[in-house]
Amino acid sequence: FLLALAILAGVVYALTPEGRLASLSYPDVRDLRAGTELFSEVATSEIFGVALSRERETQALWGELVSGNYFEALPVRPLLGRLFGPEVDTSAQAATIAVLSHRAWRLHFDSDPKVVGRTVTLNGQAFTISGITPEDFRGVYSVWFSPDLWIPVAAGPQLDPARRGALEARDQRQPTTLGRLAPGVSVAQAQAQVGTFAQTLARIHPEVLARYYGCGLVAPQLLK
């Protein structure tokens, strides 16, 4: 699995004049999806923290806020239940679901298979647990971070009102952007097209992108 991911996927980033890597904004990501055919999937992820409220206690959990196609981009199949898909990107109601990691399922729910379909309270909001990931799946930050759950990024404003408007703000660069290469496409080809994409974006949005002079693609094997 990891070998296939290393060959087929990469992290797309913005580049500052000082040579530092920076995130794309959500509008940038949508433009990247629409502007290239070299990626079969372009997905996003952010690390976030939530409070899980139980009858007598509140537990702090860490997870990822992700685009609807996140699990398709990696890809991964559920151990139990189902994982969400692109449908959660267009409906706030559909986005009120959560996928638990195997570790969180074991530690916080005693490996109870009946937890699938159950409603839990996260940051005071009701979310339905739709599925459990396999034991060996730890998301895109697996080298240094093991998430408890995954929630659609469209539900972000419900978890934190300060996130309202974040999905439309081109000057807010938050997510890690994952590009899964289409069959037969090389990293070099994708790198070249990502560079062209950055030039086009800068012409269209010069007031926002002036402080960035390019974009690039890092293959995961180069990040280790």
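**Exercise 1.** Which exposed residues does the face of α6 turned away from its buried side carry?

*Solution.* Keep in mind that this is a predicted model.
- Start with the length of helix α6, residues 187–204: at 1.5 Å a residue, its 18 residues should span 26 Å, and the end C-alpha atoms are indeed 26 Å apart.
- Next, list the buried residues of α6, which are A190, V194, F197, A198 and L201.
- These cover an arc of only 105 degrees around the axis, so they sit on the same side of α6.
- Now turn to the face that points away from this buried side: there you find the exposed residues A188, Q199 and R203.

**Exercise 2.** Find how strand β10 is covered and how it pairs with β3.

*Solution.*
- Strand β10 runs over residues 176–181, and five of its six residues are buried, which leaves the strand mostly covered.
- Strand β3, residues 39–53, pairs with β10 in the antiparallel sense, over six bridges.
- To place the two strands in your viewer, take A43, which stands opposite L178 in β10.

**Exercise 3.** Look for unusual backbone geometry in the loops.

*Solution.* Here is the background: most residues other than glycine have a negative phi, and most peptide bonds are trans.
- Between L74 and P75 the peptide bond is cis, with omega near -20 degrees. P75 belongs to the loop between α3 and β5.
- S111, not a glycine, has a positive phi of about 55 degrees. It lies in the loop between α4 and β7 and is partly exposed, at 29% relative accessible area.
- N123 also has a positive phi, near 50 degrees. Its loop joins β7 and β8, and N123 is partly exposed, with a relative accessible area of 29%.

Methods
Residues are numbered from 1 along each chain as its sequence is written. This is a predicted model: local features need pLDDT of at least 70, side-chain atom pairs count only at pLDDT 80 or more; totals for chains, interfaces and linings use all residues. Side-chain values use heavy atoms; hydrogens and water are left out. Buried means under 20% relative accessible area, exposed over 50%, partly exposed in between (1.4 Å probe, protein chains only). Helices (H or I, at least four residues) and strands (E, at least two) are DSSP runs, numbered from the N terminus. Two strands pair if DSSP finds at least two bridges between them. The expected span of a helix is 1.5 Å times one less than its number of residues. The arc is that of the directions from the helix axis to the C-beta atoms.
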